[in-house]
Amino acid sequence: MRIASIAVYTADLEYTGKAYAFAGGRSHQVFTSIVVVLTTDTGLEGYGEVCPFGPNHMPAFAEGIPSCLSLLAPAVIGEDPREVSSLHERMNQALTGQAVAKAAIDIACWDILGKATGLPVYTLLGGLQSPSMPLHRIVPLANPSEMQESLRQYRSEGFRHIQIKLGHDVEEDIELVRILSKQKQSDEIWIGDINGAWRRDQALRFSRGIEDVDLYLEQPCRGYEECLSLRHRVPHAIKLDESLNSLGDLQRALREDAMDAIALKVSKFGGLTPSRIIRDVCVDAGISMTIEDAWGSGIATAAYAHLAASTPTRALLNTTDLHNYNTSQLASGAPDVRGGSMTLSDRPGLGVVPDFTMLALHDVYE
């Protein structure tokens, strides 16, 4: 079996809410998703999707990904898509960095591998260990009354894991968390996500100001060294996201005891092939994980959901249902969401099929 062609599609995903606002004055309403279709010489197809979270969140932006794919395509066409590690090495030789673009191809290869073997991807990634995955819901940055209303809504829908976007003035955020914490229930897990907006002194003031509130602090400062400085001075558990972009970053963070949990975004690490290594290292080290991605529709959700489902329950902090954050869907067969948890079907591969009426063809490489 060989890759015969790669088709690249794009689509706009509109957020269901007013605007997705987070720290640093950043706000987005529409995200551009890139879907790739790998077709083999046997006629078998594999699907992958990546969707950067705007141009100012991670070292990738949607408009640049098709250009990267044009350079990667010659390196993988004619290769066996089932040889996922070998193919990933070919992509690394063809293009330095650009993990998000590589992830689109890598995810599609895992989809083909699953279909070729007749197995769901979670079986190939280690077996079904977390069949019912806890979901978190994000409370975007807004005024306190709007954030309280979002929290009430998510709680009524059965969500027990809440990610609260922070990034007002520090004193305002202290007051905000104190207001919201009056509703906090004992079985809820809260994460205060700062997206790297604070200096270390601001993060320290915030943590000490809400010392009695049980929550994780996610990426309180922009740089790794700043977050590491806080790690041993604050009473709250530290979760890293933007500071970790490779296995080397993770290994350093483990050596220096820099965090209690991480956000494992599959596209940021280059797809399922490198992400399963990140996952397994964290499991062995006792680091809990939110397994997710930056944004996307049903294909992206399915990809990280298969990784989450094959993760031991003790190591899976939570995941999320990004396909339900959009006003439209790009694929059928997305994971099922009920009562704050998500489950997968046992269909071969990722179990999803693109809706080509929603996609605009960008390029085809043969």
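1. A pocket, as the word is used here, is an open set of grid points with protein on both sides within 12 Å along at least five of seven lines, and its lining residues have an atom within 4 Å of a point. The structure discussed in this note is a predicted model. In the largest pocket, 19 residues form the lining, and Y15, G17, P140, S150 and Y154 are those that lie nearest the centre. Elements giving two or more residues to this lining are β7 and α5. The largest share, 6 residues, is that of α5. The space in the largest pocket comes to about 420 Å³.

2. One sheet is open and has 8 strands, in the order β7-β8-β9-β10-β11-β12-β13-β14, with parallel pairing. Its edges are β7 (136-139) and β14 (316-318); each has a single partner strand, so one side of each is left without a neighbour in the sheet. Direction ignored, neighbouring strands here are turned by 30 degrees against each other on average.

3. Within this sheet, β12 (residues 261-265) and β13 (residues 288-292) are paired in the parallel sense over 5 bridges. At one place along the pair, I262 is opposite M289 in β13. Helix α5 (residues 144-156), already met at the pocket, lies across β7, β8 (161-165) and β9 (189-193), and runs at about 165 degrees to β7.

4. Another open sheet has 4 strands in the order β5-β4-β1-β19, and here the pairing is antiparallel. At its edges stand β5 (45-50) and β19 (360-365), each with a single partner strand, so one side of each has no neighbour in the sheet. From one strand to the next, the twist averages 20 degrees.

5. In the antiparallel sheet, strand β1 (residues 3-14) is joined to β19 by 5 bridges. A7 stands opposite V364 in β19. Helix α1 (residues 65-76) packs on this sheet, where it touches β1, β4 (30-40), β5 and β19, and its direction makes about 30 degrees with that of β19. Helix α11 (residues 298-309) lies across β4 and β5 and runs at about 95 degrees to β5.

6. How many residues make up the largest nonpolar core? There are 118, and L69, I105, F206, I262, L264 and W295 have the most contacts inside it. Helix α3 (residues 99-117) supplies the largest share of this core, 11 residues. In soluble globular proteins, nonpolar side chains tend to be buried together.

7. Two of the core residues just named can be followed further. W295 is in contact with L13, Y15, Y20, F31, C51, F53, A300, L322, Y325 and N326, leaving aside neighbours within four places in sequence. Of these, Y15 is also listed among the residues nearest the centre of the largest pocket. F206 belongs to helix α7 (residues 200-209), whose buried residues are Q202, A203, L204, F206 and S207. The buried residues of α7 pack against α6 (170-181), β10 (216-218) and α8 (224-231).

8. Is G271 buried or exposed? Its relative accessibility is 0%, so G271 counts as buried, the cut-off being under 20%. G271 is in the loop between β12 and α10 (272-285). Not counting residues up to four places away in sequence, G271 touches A103, D106, I107 and V266. G271 and K182 are 89 residues apart in sequence, and their C-alpha atoms are 40 Å apart in space.

Terms used. Residues numbered from 1 in each chain as written. Predicted model: local features only at pLDDT ≥ 70, side-chain atom pairs only at ≥ 80, totals over all residues. Heavy atoms only, no water. Core = buried A, V, L, I, M, F, W, Y, C linked by side-chain atoms within 4.5 Å. Buried < 20%, exposed > 50% of the residue type's maximum accessible area, 1.4 Å probe, protein only. Contact = heavy atoms within 4.5 Å. Pairing = 2+ DSSP bridges. Axes fitted to C-alpha atoms, helices over the stretch in contact; angles between N-to-C directions. 1 Å grid on protein atoms, 1.4 Å probe; cavity = no way out; pocket = protein on both sides within 12 Å on 5 of 7 lines; lining within 4 Å. Points joined across faces, edges and corners; volume = space filled by probe spheres on them.
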